[in-house]
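Here are some short exercises to work through with the model open beside you. Try each task before reading its solution.

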Amino acid sequence: MSTIDGLPPLRAVIAAHGLVAKKQLGQNFLLDLNLTAKIARTAGDLAACDVLEVGPGPGGLTRGLLAEGARHVLAVEKDARCLPALAEIAAAYPGRLEVLNADALDIDPLAHLTPPIRIVANLPYNVGTELLVRWLTPPVWPPVWQSLTLMFQKEVAERIVAKPGSKAYGRLALLAQWRCEARIVMTLPPEAFTPAPKIHSAVVHLTALPQPRYPADAAILSRVVAAGFNQRRKMLRAALKGIAPDIEARLEAAGIAPTQRAEEIPLERFCALARELERG
Ligand code: SAM
């Protein structure tokens, strides 16, 4: 059976290279090339872009990205067993796919790419949140990347786009929404993957804003949000006690009642509090 890119179907690739999925590497593969092309399309126009993909596995999404016209794809894969399959894709798209056999947490793959850069990945569940937080907290803003299109467990995706007052609202929502436009663009049932995980998944698309929605020092904001949500059921005057000796007055100056809880506070007020604390 032939495919849109003339390469073998993914089931045949997996069988030929003995790619039995390893749970500890978060290996749940997408085998439907129509679906991977659809995910690649949600990332926006790839034609003029370099794309970073973390965890290409047997290359289903990689093939989608290349078929959708990505200028250059850098694929970082920890599992060396996947390299021969990825080499076949590189041969079918001469000069457009570069594969790095590395742990994405140990390197800075963005240093290998030329802007404009988009990041697209079906992330391994065990490292997904950590990578997202790294990409959201670069030393300078705007970051080198334009957008992130990432598959997560649905519950994590909901935390990224959550609004105040919901259970899912917390540090991840505030970090993501302070400097990005974030939305869920697709949800997928377990059966979309091989092997099927226990949970549903969702693709989140984040676009970097040229500047944050509200001014605030990133380190102070991050400290306040971490402390506020660390004890999310406490009133803020208690949860933030260690942040400043006169925290009640600071909260009031930022338009926050000291008896409120972190999950009720919108981004704008957290930024106001960070600015208030920055005044010293
Ligand atoms: N992109 C493929 C797909 O959609 O079918 C595979 C996705 S699978 C959920 C996650 C992939 O990430 C696996 O291929 C796994 O080996 C790889 N991986 C796991 N941890 C990694 C890490 N720390 N750095 C790079 N790749 C990793």
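**Exercise 1.** Find how helices H8 and H11 cross, and which residues make their contact.

*Solution.* Step 1: the axes of H8 (residues 218-230) and H11 (residues 267-278) come within 9 Å and cross at roughly 115 degrees. Helices here are DSSP runs of H or I, at least four residues, numbered from the N terminus; axes are lines fitted to C-alpha atoms over the stretch in contact, with angles from 0 to 180 degrees between N-to-C directions. This is a predicted model, where local features need pLDDT of at least 70, side-chain atom pairs count only at pLDDT 80 or more, and totals for chains, interfaces and linings use all residues. Residues are numbered from 1 along each chain as its sequence is written.

Step 2: H8 brings Ile-220, Leu-221, Val-224 and Val-225, while H11 brings Phe-270, Cys-271, Leu-273, Ala-274, Leu-277 and Glu-278. Contact means C-beta atoms, placed from the backbone, within 7 Å.

**Exercise 2.** Which residues touch the most other members of the largest nonpolar core, and where does this core lie relative to the domains?

*Solution.* Step 1: the core has 82 residues, and Leu-65, Leu-150, Ile-160, Ala-176, Val-204 and Phe-270 touch the most other members. Such a core joins buried Ala, Val, Leu, Ile, Met, Phe, Trp, Tyr and Cys residues through C-beta atoms within 7 Å, buried meaning 20 or more other C-beta atoms within 10 Å of a residue's own.

Step 2: H11 gives the most, with seven residues.

Step 3: domain 1 (10-208) and domain 2 (218-278) both contribute residues, so the core lies between them. The domain bounds come from an automatic or database assignment.

How values were computed. Helices (H or I, at least four residues) and strands (E, at least two) are DSSP runs, numbered from the N terminus. Two residues are in contact if their C-beta atoms, placed from the backbone, lie within 7 Å. A residue is buried if 20 or more other C-beta atoms lie within 10 Å of its own, exposed if 12 or fewer, and partly exposed in between; C-beta atoms are placed from the backbone.
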